[in-house]
Amino acid sequence: MTAFLKSKGIFGGMTLAVAAILVLLPLLLPSATLASEILIFAMAALACNLLLGYGGLLSFGQGLFFGAGSYLASLAMIHGGFGLIPALLAAAVAGAVLATCVGWLSIRRAGIYFVMLTLAFSQMGYFLAYTLSKWTGGDNGLLDVPRPDLSLFGIRIADLSSAGAYYTLVAVLFFAVFVGARRVIDSPFGSTLVAIRENETRAAAIGFDTRHFKMLAFTLSGAVTALAGALYAMLINYVPLDNIAMSMSENIVIMTIIGGTGSLLGSLLGAGALVTLGDILSAMWPRWQMLLGLALILIVMFLRGGLWGGVEHALDRFLKIREKGNAP
Amino acid sequence: MTDGYILETQALALAYGGFRAVDGVDLKVREGTIHSVIGPNGAGKTSLFHCLTGGRRPTEGSILFAGEDITRRPAHRRIGIGMARSFQVTSLFQNLSVRENLRLAAQGRDGDRALTFWRSVAEGKAHLALADEVMERLNLTARAGVAAGDLSHGQQRVLEVGMALCGRPKMLLLDEPTSGMGIDDIPVMTGLISELGRDHTVMLIEHNMGIVMSISHTITVMSRGQILVEGKPDEVCADARVRAAYLGEAA
C-alpha cells in the first residue's frame with residue numbers, strides 16, 4: 001500500500017488516491033461547500049509545502065498572496081467585467097509576480113531574518129488593503145463578489161451557482177495543481193530545491209545559483225496561493241479582510257505542518273483536518289482555536305512527519321504485523 | 001592558455017582587517033599536473049583555497065583560469081568554466097542517496113537550465129549516466145541507494161571527491177581530501193587522486209606533508225601567507241627552510 005502511494009509516475013499511485021478522494025469528499029461531508037473549502041485550503045497548503053517542505057523556506061507571506069488573489073480576481077470581475085477563467089488567470093499571474101518580488105527581496109537574508117522579511121511584507125499588504133477601503137471595503141470586506149458561469153471564448157459551458165457544480169470546478173483545478181506539483185517536485189528544479197534545503201553551500205559549489213531556485217519556488221507558490229484565494233472569494237461571494245491578514249498566513253503554515261511537510265498528500269490531509277474541525281468545533285465552542293494550538297504542539301513534538309507521516313507509519317506497521325501473521 | 005598554465009594568481013592577497021592571511025601569492029599551476037599546496041597551520045592554505053574557489057573575494061591581486069580573469073566570479077559560476085572543488089569538512093546531501101548526490105552534482109553543470117520544472121529528472125539521462133560512471137569509478141555502486149550520511153567516513157571522503165568529479169571539470173581543487181581519514185583509508189584516497197591526475201589538473205591543499213610526496217608533480221610550501229618554497233617533491237623535501245617551517249610549528 002505505501003509502496004503504491006510512493007510510486008513515481010505522476011499519474012499513478014498517490015494521484016489515483018487523490019482522484020478517489022476528490023470523488024468521495026462531497027459524498028462523505030455534510031456539504032459540497034465544505035468540500036470546496038477544504039480543497040481550496042489544500043491548494044494553498046500545497047503551495048506552502050513547496051516552499052517549506054521542499055525548499056526549507058518558512059514563508060509567512062502566504063496570506064499576502066492568498067488575499068491578493070482574492071481581491072484581484074474580485075475587483076477584476078466587479079469593475080473589469082472579467083469572466084471566470086480570465087479572473088482566475090489574472091489572480092494567478094498577479095500572485096506569481098507579487099511572490100517573485102517578495103521572494104527576490106526576502107531570500108537575500110537567511111534563517112530568522114528571511115522569515116521576518118516575509119512577515120513584514122505580509123503586514124504591509126494587510127495595512128494596504130485596510131487603507132484602500134474604497135476598493136477593498138476595508139474592515140467590512142469586499143461584498144457581492146460574483147461567481148460567473150464557466151465559459152470559454154464566449155461559449156457558456158456550465159452554470160456554477162450550485163454548490164455541487166462549483167465543487168466540480170474546484171476539484172478539477174485541485175487535481176491539475178496536484179499533478180503539476182508532483183511533476184515540479186520530480187523535476188530538475190524540484191530536486192535542486194531539495195538539495196538547497198539539505199545543504200546550500202554544497203548546492204552552490206556544484207554550480208547552482210541557489211537564489212534563482214528559491215525565487216522560482218516563490219513564483220510557483222505565489223501563483224497557486226493566489227488562485228486558491230480567488231476561488232475562495234467566489235466560493236463565499238465575499239472577501240473578508242482576514243483573507244490577507246496574518247492569521248491567514250498562520251493558518252496556511254499550520255495546515256502544512258500538521259498535515260506533514262514534504263508530502264503532498266499531507267497538505268490535503270492537513271487542510272481537510274483543520275477545515276473540518278473548524279467547521280464542527282466553531283459551532284460548539286467559539287474558542288476552539290485553542291485546541292488547534294494544542295494539536296500543533298503535539299504534532300511538532302511527537303509526530304515529526306505530521307498527520308501523513310503518522311498514517312504512513314501506521315500503515316507500515318500494520319503491513320508488517322500482517323506479514324508476520326501470515327508467515328508459518 | 002598561457003604557457004601551459006591553467007591557473008595563475010598574481011600578487012594575490014586576502015586581509016582580515018590588519019592581518020594578511022594571504023600575502024602576495026604568485027601561484028602557477030601547470031595543466032595536467034598534480035600540484036599540492038602544503039604548509040603548517042596558519043600558513044594561509046585554506047584562505048588561498050577560498051579565494052581560488054570563490055568562497056572569499058581577494059582583497060588584492062588577481063586570479064586567472066585558462067587565461068580568463070575570475071577574481072570576482074562567484075562560487076557557483078566557476079563550475080561552468082571547468083573548476084570543481086571538494087570540502088575539507090565533508091559537505092554532502094546527507095539524507096539523499098549516493099546516486100542522487102552525484103546526479104545533482106552532474107546537473108549542477110547545467111546551472112540555471114536546471115530551473116526546468118515541467119520535465120521529469122528521469123529525462124536527464126546524461127546526468128544519471130555520469131553519476132553511474134563516477135559511482136563505478138569510486139567503487140560505490142553497491143551503495144548507490146544508501147543515504148550519503150550512512151556511508152563510512154572513508155566512503156564519504158571518496159564521495160566528496162566524486163561530487164567534484166561530476167562537474168566534468170578541467171581542474172579539481174581538493175581541500176585536505178584525506179582529512180579525518182583513518183591510516184588504512186588514506187592509500188585509497190591517494191590512489192584515487194593520482195588516477196584522477198591522469199585526465200585532470202588537480203590542485204590539493206594538504207596539511208600532512210607525507211601524503212603528497214608520492215603523488216605530486218609540484219609542491220608549493222606556504223608559510224605566513226606567502227610562498228616559501230616551490231619545486232619537485234624531492235627538492236622540497238630536502239629544503240632546509242621547509243624543515244624549519246615545519247619544525248618551528250612543532251616547537
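In what follows, Lys and Arg count as positive and Asp and Glu as negative, while His and the chain ends are left out. On that basis chain B carries 27 positive and 29 negative charges. The mean positions of these two sets lie 5 Å apart. The model is a predicted one.

Chain B was examined as a whole. Its secondary structure comprises 8 helices and 11 strands. Along the principal axes, the C-alpha atoms occupy a box of roughly 55 × 40 × 35 Å. The radius of gyration of chain B is 18 Å. A compact globule of 251 residues would have a value near 18 Å, so chain B agrees with that expectation. Burial was assessed next. Of the 251 residues of chain B, 56% count as buried. The accessible surface of chain B amounts to about 10700 Å². Carbon and sulfur atoms account for 50% of that surface. Contacts in chain B were also sorted by sequence separation. Among those between residues at least 6 apart in sequence, 68% link residues at least 24 apart.

One residue of chain B was followed in detail. Asn101(B) sits in helix H2 of chain B, which spans residues 98–108. Its relative accessible area is 0%. Buried means under 20%, so Asn101(B) is buried. Beyond its neighbours within four places in sequence, Asn101(B) contacts Leu92(B), Phe93(B) and Leu96(B). Ala148(B) and Met163(B) are also in contact with Asn101(B).

The contact between the two chains was then described. Chain A contributes 25 residues and chain B contributes 30 residues. The size of an interface is often given as the accessible area lost when the parts come together. For chain A and chain B, about 2400 Å² is buried between them. Of this area, 62% is on carbon and sulfur atoms. On the chain A side, Glu198(A), Arg202(A) and Ile206(A) supply 27% of the area that chain A buries against chain B. No other three residues supply more.

A residue of chain A that touches both chains was also examined. Thr192(A) belongs to helix H9 of chain A, residues 188–198. Thr192(A) counts as buried because its relative accessibility is 0%. Residues up to four places away in sequence were set aside. Within chain A, Thr192(A) then touches Phe208(A) and Phe213(A). Across in chain B, Thr192(A) touches Leu104(B), Gln107(B) and Ala114(B). A distance was also computed within chain A. Thr192(A) and Glu250(A) are 58 residues apart in sequence. In space, their C-alpha atoms are 27 Å apart.

Key. Residues are numbered from 1 along each chain as its sequence is written. Chains are lettered from A and ligands numbered from 1 in the order in which they are written. This is a predicted model: local features need pLDDT of at least 70, side-chain atom pairs count only at pLDDT 80 or more; totals for chains, interfaces and linings use all residues. Side-chain values use heavy atoms; hydrogens and water are left out. Helices (H or I, at least four residues) and strands (E, at least two) are DSSP runs, numbered from the N terminus. The radius of gyration is taken over C-alpha atoms; the globule rule is 2.2 Å times the number of residues to the power 0.38. Buried means under 20% relative accessible area, exposed over 50%, partly exposed in between (1.4 Å probe, protein chains only). Contact means heavy atoms within 4.5 Å. Accessible areas come from the Shrake-Rupley method with a 1.4 Å probe; for residues, only the protein chains shown count as cover. The place of a charge is taken as NZ of Lys, CZ of Arg, CG of Asp or CD of Glu. Buried area is the accessible area (1.4 Å probe) that two parts lose on being put together, summed over both.
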